Amino acid sequence: MINKVKTAAEAAKMIRSGMHVGVGSGMEMNPMPVIREVIKNGIKDLTLTSVLTGGYVVDLLIGAGCVSTVQFPQIVMDELGLAPNFRKKAQEGKLRLLETI
């Protein structure tokens, strides 16, 4: 049987620039260690689909310059309000936005 357990660094190495990646929802159950490794690896030009709503990790990836396109119904920081990096990049026209419901 193949061992499918990976460290955060090993999982992040599977993500390459230009890929389409899905990430968890809202502010809970996000793969933060993997996201940190993706940012450290200098990954760029990701198309990101947030599963339900995008939260902290989506905003971090956008702020780190890893994302060129985002597919989303909503990206917020729940009770903390709007996602600042998403809002800034969207207002500056630096993200391709694919809004879904």
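## Salt bridges

In this predicted model, the count of salt bridges comes to three. Side chains of opposite charge can pair when their charged atoms come close. One of the three joins the side chains of K40 and E37, with a nitrogen-to-oxygen distance of 3.2 Å. Both of these residues belong to helix α2, which covers residues 32-40, and they are three residues apart, or about one turn of the helix. The two partners can be told apart by their surroundings, since K40 is exposed at a relative accessible area of 63%, whereas E37 has a relative accessibility of 19% and therefore counts as buried, the cut-off for that class being under 20%.

Another salt bridge links K88 with E92, whose closest N and O atoms are 2.9 Å apart. K88 is partly exposed, with a relative accessible area of 46%, and E92 likewise counts as partly exposed, at 38%. The side chain of E92 also meets that of K94 in a salt bridge, at 3.2 Å from N to O, and K94, at 52% relative accessibility, counts as exposed because the cut-off for that class is over 50%. Which residues are joined into one network by salt bridges that share partners? They are K88, E92 and K94.

## Helix α2 and its surroundings

The buried residue E37 has company in helix α2, where M32, V34, I35 and V38 are buried as well. What covers the buried residues of this helix includes helix α1 (8-12), strand β1 (20-23), strand β2 (46-50) and helix α3. Just after α2 the chain reaches G42, a residue that takes a positive phi of about 70 degrees.

## Helix α3 and its crossing with α4

Helix α3 spans residues 56-63, and within this helix V57, V58, D59, L61 and I62 are buried. These buried residues pack against strands β1, β2 and β3 and against helices α2 and α4. Just after α3 comes G65, which takes a positive phi of about 80 degrees.

How are α3 and α4 placed relative to each other, in angle and in distance between their axes? Helix α3 packs with helix α4, residues 84-91, at an angle of about 45 degrees, and their axes are 7 Å apart. That angle makes α3 oblique to α4, because it falls neither under 35 degrees, where helices count as roughly parallel, nor within the range of 65 to 115 degrees, where they count as roughly perpendicular. The crossing of the two helices is left-handed. On the α3 side the contact is made by D59, I62 and G63, while on the α4 side it is made by P84, N85, F86 and K89. Sorted by class, this contact has three nonpolar residues, two polar ones and two charged ones. Two of the residues that α3 brings to the contact, D59 and I62, are also listed among the buried residues of that helix.

## A buried threonine in strand β3

Strand β3 runs through residues 67-72 and holds T69. Is T69 buried or exposed? Its relative accessibility is 6%, which is under the 20% cut-off, and so T69 counts as buried. When neighbours within four places in sequence are left aside, T69 is in contact with L46, T47, L48, R96 and L98. Among these contacts, L46, T47 and L48 lie in strand β2, which covers residues 46-50.

How values were computed: Residues numbered from 1 in each chain as written. Heavy atoms only, no water. Helix = DSSP H or I, 4+ residues; strand = E, 2+ residues; numbered from the N terminus. Buried < 20%, exposed > 50% of the residue type's maximum accessible area, 1.4 Å probe, protein only. Contact = heavy atoms within 4.5 Å. Axes fitted to C-alpha atoms, helices over the stretch in contact; angles between N-to-C directions. Parallel < 35°, antiparallel > 145°, perpendicular 65-115°, else oblique. Left-handed = near helix turned anticlockwise from the far one by under 90°. Nonpolar A, V, L, I, M, F, W, Y, C, P; charged D, E, K, R; others polar. Salt bridge = Lys/Arg side-chain N within 4 Å of Asp/Glu carboxyl O.
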